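User: I have a model open beside its sequence and would love a close look at a single part of it. Could you walk me through that part and how it sits in the rest of the fold?

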Amino acid sequence: SAATTTTTSNMESIAHFKVGKQLMQTLASVSQMPSISVKRGSIVVVTVKSSDIRNEKQQLTRNNSNNSALFLNYLGLITNLFVCISFEDATTGKQEDLLQELETLKDTLYRMGLDTYTVPPHRIVAASSSVGRIAFVRQIRPEFFIDYDVDIKEQLQRFGFHVILYGVEKNPSNQDDVITSYRTLGDFLPSCSDESIRAPPQDTT
């Protein structure tokens, strides 16, 4: 019935929001910034490697714990999220080729489960270099920035930005290395025994 459908939808929304809050708490713990766990609606920028999207394209599963789209969905539920696709591995520097590839990868993210309601197309941008990502972050001035490059973190921190790293390799011979157990964006997601909670929220409008 209509009432049952509405109740189920409300319960799913509550569950998805709960996961989103847990995700923010995890990010706060990693970044040692407790304030970000309570600032709903903050501007956030996340870098996703173009190569990661291409690799995940082979799976296209909504319940994959390494699914970047799932992570972006939950983060987008409670923040104003911008996604920056990194093309540092691009084989061509032609702008028209990069723009075409950007549209292809946008479509891939949406087919992987990213919702246009949580992250609309105009909030997905491309950068072909670390300089471009730094410039974008300095322009947007997010509450925090998630990236995989240690050098970018060091440069942005000098300007007062909060940067959370993922996918950083540990060098046993260097005690000053940044160490993270979050190899992929999906690793930030809390563990959920209920697969329906791990499925990305869908726009029902």
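Which helix holds both Asp-107 and Arg-111, and by how many residues are they separated?

Analyst: Happy to help. One thing to keep in mind throughout is that this is a predicted model.

Both residues belong to helix α4, where Asp-107 and Arg-111 are 4 residues apart, a separation of about one helical turn. The two side chains form a salt bridge, with the closest N and O atoms 3.2 Å apart. Side chains of opposite charge can pair when their charged atoms come close. Asp-107 is partly exposed, at a relative accessible area of 41%, and Arg-111 is also partly exposed, at 43% relative accessibility.

Let's stay with this helix, since other charged pairs involve it too. Glu-103 forms a salt bridge with Lys-106, and here the closest N and O atoms are 3.5 Å apart. These residues are 3 residues apart in helix α4, again about one helical turn. Their surroundings can be read from the accessibility: Glu-103 counts as partly exposed at 46%, whereas Lys-106 is buried, with a relative accessible area of 10%.

A further pair reaches outside the helix. Glu-101 meets Arg-54 in a salt bridge of 3.2 Å, N to O. Glu-101 lies in helix α4 and Arg-54 in helix α2 (residues 50-57), so this pair ties together parts that are 47 residues apart in sequence. Glu-101 is partly exposed, with a relative accessible area of 23%, and Arg-54 is likewise partly exposed, at 31% relative accessibility. The model has 4 salt bridges in total.

Now for the sheet beside the helix. The sheet is open and has 5 strands in the order β3-β2-β1-β4-β5, with parallel pairing. β3 (124-127) and β5 (163-165) stand at the edges with a single partner strand each, so one side of each has no neighbour in the sheet. On average, neighbouring strands are turned by 20° against each other, direction ignored. Helix α4 (residues 95-111) packs on this sheet, touching β2 and β3, and its direction makes about 135° with that of β3.

The two strands that α4 touches are partners themselves. Strand β2 (residues 80-86) pairs with β3 in the parallel sense over 4 bridges, and Val-83 stands opposite Ile-124 in β3. On to β1, which pairs with β2 in the parallel sense over 7 bridges. Within that pairing, Val-45 stands opposite Phe-82 in β2. β1 also runs parallel to β4, the two being joined by 3 bridges, and there the bridge partner of Val-45 is Phe-145. Strand β1 (residues 43-49) is mostly covered, with 5 of its 7 residues buried.

Another helix makes a useful companion to α4. Helix α6 (residues 150-157) packs on the sheet too, touching β4 (144-147) and β5, and its direction makes about 165° with that of β5. Its buried residues are Ile-152, Lys-153 and Leu-156. Seen down the axis of α6, these residues fall within an arc of 100°, so they line one face of the helix. They pack against α5, β4 and β5.

For the wider setting, the protein chain has 7 helices and 5 strands. From the N terminus on, they run α-β-α-α-β-α-β-α-β-α-β-α. Of the 205 residues, 43% count as buried. Among contacts between residues at least 6 apart in sequence, 69% join residues at least 24 apart.

Finally, a word on confidence. The mean pLDDT of the protein chain is 74, and 65% of its residues reach 70 or more. Among the elements, helix α5 (residues 130-140) has the highest mean pLDDT, at 95, and helix α7 (residues 195-198) the lowest, at 41. Over residues 61-66 the pLDDT is below 50, and this stretch has 23 contacts in the model beyond near neighbours in sequence. Residues 192-205 also stay under 50, with 37 contacts beyond four places in sequence. Where pLDDT is low, the predicted coordinates should not be read in detail.

Definitions and conventions. Residues numbered from 1 in each chain as written. Predicted model: local features only at pLDDT ≥ 70, side-chain atom pairs only at ≥ 80, totals over all residues. Heavy atoms only, no water. Pairing = 2+ DSSP bridges. Axes fitted to C-alpha atoms, helices over the stretch in contact; angles between N-to-C directions. Contact = heavy atoms within 4.5 Å. pLDDT = per-residue confidence, 0-100. Buried < 20%, exposed > 50% of the residue type's maximum accessible area, 1.4 Å probe, protein only. Arc of directions from axis to C-beta.
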